[in-house]
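Reader: I am in my first year and would like to learn how to read a model like this one slowly. Could you take me from the whole down to one part and look at that part closely?

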Amino acid sequence: MTTRREFLIGTGAGLAALGAAGLGRGQDPERIWPTAEIIADSLDQPRDAPFVVSTWNHGLPANLAAWEILSRGGPALDAVESGVRVTEADPEVDSVGYGGRPDREGHVTLDACIMDQHGNAGSVAFLQDIMHPISVARLVMEKTPHVMLVGQGARHFAEENGFQPRNLLTPRAERDWKEWLKTAEYHPWAPASDPSHDTISMLAMDQGGDLSGACTTSGLAYKMHGRVGDSPIIGAALFVDNEVGAACATGVGEEVMKTVGSFLIVELMRQGMSPAEACHEAIARIVRKNPAWRDLQVGYVAFDRKGRIGSFAILPGFQYAVMDQEGNRLVDSPSWK
Ligand code: SD4
């Protein structure tokens, strides 16, 4: 395995990364580079398009739907929309779309965004009763002069465009919510006991080399009514720049928003960092500022134009799914802790 020292000495990118990370006086360099795995990660090698990357293990079936489009030369934008629609429609996934956990008042409220190779973006937040917020976000991008619609306005727009409203609160989610109400203890920052179910963020490069991304979620379980997380915020949960690469997030949205994580990662890649290094630095920004970081989970995954993929999380347990010519597989992310 490459050691940290070999890496830093052996690659210009490593040195550039250390410089860009801006090691301050008194900062412990071991905390800036806590593991060697980020460098040893074999996904940090160039790969041919097309490929698709998505968060958590529900990314595996979502990738398959995206691959159906990518493998026949279809656009990355269609691929990411179709991919995450699989998760939105799955009642077993309790953190996205239908079957998502409600807020503390029992309402399932959804956030989503999408971004294409031209830098166009669309987003919906606090949307209720619509199964596929990602498709509404795409229509906001394509049919309106705006980027974001929220709440009732987003719902009216969806209905005007043929989306049928339906109750998204499944009996299972309702039962769990009623159980939660008995204590109503709210620890949104605590890592989920089952970390395999969370927001889906997906990034793809198509055969033509164009990039797109999508992100969709029901947000933090039992959140305050009206709370919106990072998932519909362009630059926070998702950012795509066709010249550089793409990045996306999962986890405690407040931390991602405060550090504008995905935009930061893409900009760090533009300055020469690898995707793994850039994800690591975005996590470092959270850890350095928030003394409570041990109780927070945030995970980032990103790729650059060469097809190098990288990730980093605050806590162990974050996984992402990658599909390319080699197949569809789940990858353990390195983490700070
Ligand atoms: C949010 N980022 O609403 C979402 C939740 C999430 O993995 O991603 N969980 O803050």
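What does the accessible surface of the protein come to, and what percentage of it belongs to carbon and sulfur atoms? After that, please look closely at the ligand site: which residues surround the ligand?

Author: Please keep in mind from the start that this is a predicted model. The accessible surface of the protein comes to about 13,500 Å², and carbon and sulfur atoms hold 51% of that area. The protein is built with 12 helices and 12 strands, and of its 337 residues 58% are buried. When we consider contacts with a separation of 6 or more, 67% of them involve residues that are 24 or more positions apart.

Let us now turn to the ligand. Around the ligand we find Asp198, Thr199, Gly219, Leu220, Arg227, Gly229, Asp230, Ser231, Thr250, Gly251 and Gly253. This shell divides into 1 nonpolar, 7 polar and 3 charged residues. Three distances show how the ligand is held in view of its polar atoms: the side chain of Arg227 places an N or O atom 2.6 Å from an oxygen atom of the ligand, a polar backbone atom of Gly251 is 2.7 Å from a nitrogen atom of the ligand, and a polar backbone atom of Gly253 is 2.9 Å from an oxygen atom of the ligand. Taken alone, the ligand would expose 280 Å², and the protein buries 98% of that area.

Arg227 gives us a path outward from the ligand, since its C-alpha atom is 8.6 Å from that of Asp103, although the two residues are 124 residues apart in sequence. Asp103 is placed in the loop between helix H6 (76-89) and strand E2 (110-115). You might expect a loop residue to be open to the solvent, but Asp103 counts as buried, because its relative accessibility is 0%, and the limit for calling a residue buried is under 20%. The side chain of Asp103 has two polar partners that we can follow: it reaches the backbone nitrogen of Glu105 at 2.9 Å, and it makes a polar contact with the side chain of His225 at 2.6 Å. If its neighbours within four places in sequence are left aside, Asp103 is in contact with Thr109, Trp177, Tyr222, Lys223, Met224 and His225.

One of those contacts, Trp177, takes us to helix H9. In H9, which spans residues 171-181, the buried residues are Ala173, Trp177 and Trp180. These three lie on the same side of H9, because the arc that they cover around the axis is only 55 degrees. In general, an α-helix has 3.6 residues a turn, so residues three or four places apart point the same way. The face of H9 turned away from the buried side carries Pro171 and Arg175, which are exposed.

Helix H8 (residues 151-160) can be read in the same manner. Its buried residues are Gly151, Ala154, Arg155, Phe157 and Ala158. They cover an arc of only 160 degrees around the axis, so they too are on the same side of their helix, H8. On the face of H8 turned away from its buried side are the exposed residues Gln152 and Glu160, whereas the buried residues of H8 pack against strand E3 (121-127), helix H7 (133-143) and strand E4 (148-150). Just after H8 comes Gly162, with a positive phi of about 95 degrees.

Two further residues let us see how distant parts of the chain meet. Leu211 belongs to strand E6 (residues 211-217), and it is called buried because its relative accessible area is 0%. The C-alpha atom of Leu211 is 7.5 Å from that of Leu77, a residue 134 residues apart from it along the chain. Beyond its neighbours within four places in sequence, Leu211 has several contacts, including Ala76, Asp116, Met205, Val240, Asp241, Phe303 and Arg305.

Asp241, one of these partners of Leu211, lies in strand E7 (residues 238-241). With a relative accessibility of 17%, Asp241 also counts as buried, and its side chain reaches the backbone nitrogen of Glu243 at 2.9 Å. Apart from neighbours within four places in sequence, the contacts of Asp241 are Leu211, Val266 and Arg270.

Note on methods. Residues are numbered from 1 along each chain as its sequence is written. This is a predicted model: local features need pLDDT of at least 70, side-chain atom pairs count only at pLDDT 80 or more; totals for chains, interfaces and linings use all residues. Side-chain values use heavy atoms; hydrogens and water are left out. Buried means under 20% relative accessible area, exposed over 50%, partly exposed in between (1.4 Å probe, protein chains only). Helices (H or I, at least four residues) and strands (E, at least two) are DSSP runs, numbered from the N terminus. The arc is that of the directions from the helix axis to the C-beta atoms. Contact means heavy atoms within 4.5 Å. A residue is near a molecule or strand if one of its heavy atoms lies within 4 Å of it. A polar contact is a pair of N or O atoms within 3.5 Å; within protein, one must be able to donate a hydrogen and the other to accept it, and residues adjacent in sequence count only if both atoms are side-chain atoms. Accessible areas come from the Shrake-Rupley method with a 1.4 Å probe; for residues, only the protein chains shown count as cover. Ala, Val, Leu, Ile, Met, Phe, Trp, Tyr, Cys and Pro count as nonpolar, Asp, Glu, Lys and Arg as charged, and the others, Gly among them, as polar.
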